[in-house]
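Below is a short report on one protein model. It follows two residues outward into their strands, and then turns to a sheet and a pocket.

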Amino acid sequence: MELELDHFFIIVKPEAKVASLLIELGLEESYSRVHPGQGTTNRCFNFSNSKLELLWLRDVEEANNGPANGLRFPERSANVLEVGSASPFGLIFNRKSTSENISKKSNDLEMPFNGWSYQPDYFPAPNAFHIGNNSENLVEPLCIYVPFMEPVDRIIEKGKFKSISHVHIHVPTEYLSEELLAASQSEGLSVECGTEHLMEITFDQKSCGLSKDLRPGLPLILHW
């Protein structure tokens with residue numbers, strides 16, 4: 001199954017005050033959304049072909065006892081913000097082939113990597129996410145596939161911070177799980193073993209030849 005990276009998030013401290021680092025560079029904030037049953041809230045930056053979420057833990061009890069408890073957001077968030085050992089990243093994918101092109105012999109419910117179903121409170125059943133089994137490994141980014149999302153015709157707008165060309169992620173580990181390896185084959189994404197949790201986002205094919213390192217505020221380097 002051909003995948004593409006739809007959007008992604010970074011776990012941050014409550015209220016995501018670090019959003020100011022992006023706004024000062026000229027990125028435009030779009031909206032904020034509460035995730036009922038998941039215990040999280042976000043602040044979003046939309047682009048013509050993708051979206052960056054700054055996501056934080058809003059309600060520990062809701063996250064632990066709701067349908068998203070398998071995502072382990074309280075434990076993940078604590079490790080990200082206090083220890084720095086857990087991955088702060090989440091990757092959301094959709095397929096590139098239309099449902100009509102999926103072979104009936106292979107089953108319409110075929111998933112791109114091994115995982116489990118998460119039915120969020122904010123989507124009507126049976127619209128459930130497929131979560132990669134590497135969710136148990138806090139060192140790796142969460143891999144989330146959206147099986148009910150049809151392929152999207154991406155609009156690539158030119159200009160400063162208009163469209164994302166590529167996302168590259170560094171993971172401080174010697175080996176990547178099968179789930180993350182499968183996800184890393186997606187269009188618009190690459191993943192490598194590194195020495196720290198770090199995301200690099202390239203905008204508009206880096207046409208301006210500029211870069212900005214937002215560490216330590218965010219584990220993020222922007223290229224445009």
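With which side chain does the side chain of H223 make a polar contact? The partner is the side chain of S211, at 2.6 Å. The model is predicted.

**H223 and its strand**

H223 sits in strand β13, which covers residues 220–223. Is H223 buried or exposed? H223 has a relative accessible area of 12%. The cut-off for buried is under 20%, so H223 counts as buried. The other residues of β13 share that state: L220, I221 and L222 are buried as well. Their directions split into two pairs. L220 and L222 point one way from the strand, while I221 and H223 point the other way. In a regular strand, side chains alternate between the two faces of the sheet.

What surrounds H223 beyond its neighbours within four places in sequence? Its contacts there are E200, I201, T202, F203, K206, L210 and S211. Two of these residues are also bridge partners. T202 pairs with H223 in β13, and S211 has H223 as its bridge partner too.

Those bridges belong to two strand pairings. Strand β11 (residues 198–203) runs parallel to β13, joined by 4 bridges. Strand β12 (residues 211–213) pairs with β13 in the antiparallel sense over 3 bridges. A hairpin of 6 residues links β12 to β13. S211 therefore meets H223 in two ways: through the side-chain polar contact of 2.6 Å and as a bridge partner.

**The open sheet**

Elsewhere, an open sheet of 8 strands has the order β2-β3-β4-β1-β5-β8-β7-β6. Its pairing is mixed. Which strands stand at the edges? They are β2 (31–35) and β6 (115–118). Each has a single partner strand, so one side of each is left without a neighbour in the sheet. On average, neighbouring strands of this sheet are turned by 30 degrees against each other, direction ignored.

Edge strand β2 runs antiparallel to β3 (residues 40–46), with 5 bridges between them. One of the bridge pairs joins Y31 to C44 of β3. Helix α3 (residues 73–83) lies across β1 (3–11), β3, β4 (51–57) and β8 (142–145). The helix runs at about 65 degrees to β1.

**S32 on the edge strand**

S32 is found in β2. Its relative accessible area is 47%, which means that S32 is partly exposed. Not counting residues up to four places away in sequence, S32 touches T41, N42 and R43. A polar atom of the S32 side chain lies 2.5 Å from the backbone oxygen of N42. S32 and F45 are 13 residues apart in sequence, and their C-alpha atoms are 9.3 Å apart in space.

The two residues can be set side by side.

| Residue | Strand | Relative accessible area | State |
|---|---|---|---|
| H223 | β13 | 12% | buried |
| S32 | β2 | 47% | partly exposed |

**The largest pocket**

How much space lies in the largest pocket? The volume is about 510 Å³. Its lining counts 27 residues, and the closest to its centre are H7, K51, E53, I92 and F129. Which elements give two or more residues to the lining? They are β1, β2, β3 and β4.

Definitions and conventions: Residues are numbered from 1 along each chain as its sequence is written. This is a predicted model: local features need pLDDT of at least 70, side-chain atom pairs count only at pLDDT 80 or more; totals for chains, interfaces and linings use all residues. Side-chain values use heavy atoms; hydrogens and water are left out. Buried means under 20% relative accessible area, exposed over 50%, partly exposed in between (1.4 Å probe, protein chains only). A polar contact is a pair of N or O atoms within 3.5 Å; within protein, one must be able to donate a hydrogen and the other to accept it, and residues adjacent in sequence count only if both atoms are side-chain atoms. Contact means heavy atoms within 4.5 Å. Two strands pair if DSSP finds at least two bridges between them. Axes are lines fitted to C-alpha atoms, for helices over the stretch in contact, and angles run from 0 to 180 degrees between N-to-C directions. On a 1 Å grid over the protein atoms alone, a cavity is a set of points where a 1.4 Å probe fits but cannot get out, and a pocket is an open set with protein on both sides within 12 Å along at least five of seven lines; lining residues have an atom within 4 Å of a point. Grid points are joined across faces, edges and corners, and a volume is the space filled by probe spheres set on the points.
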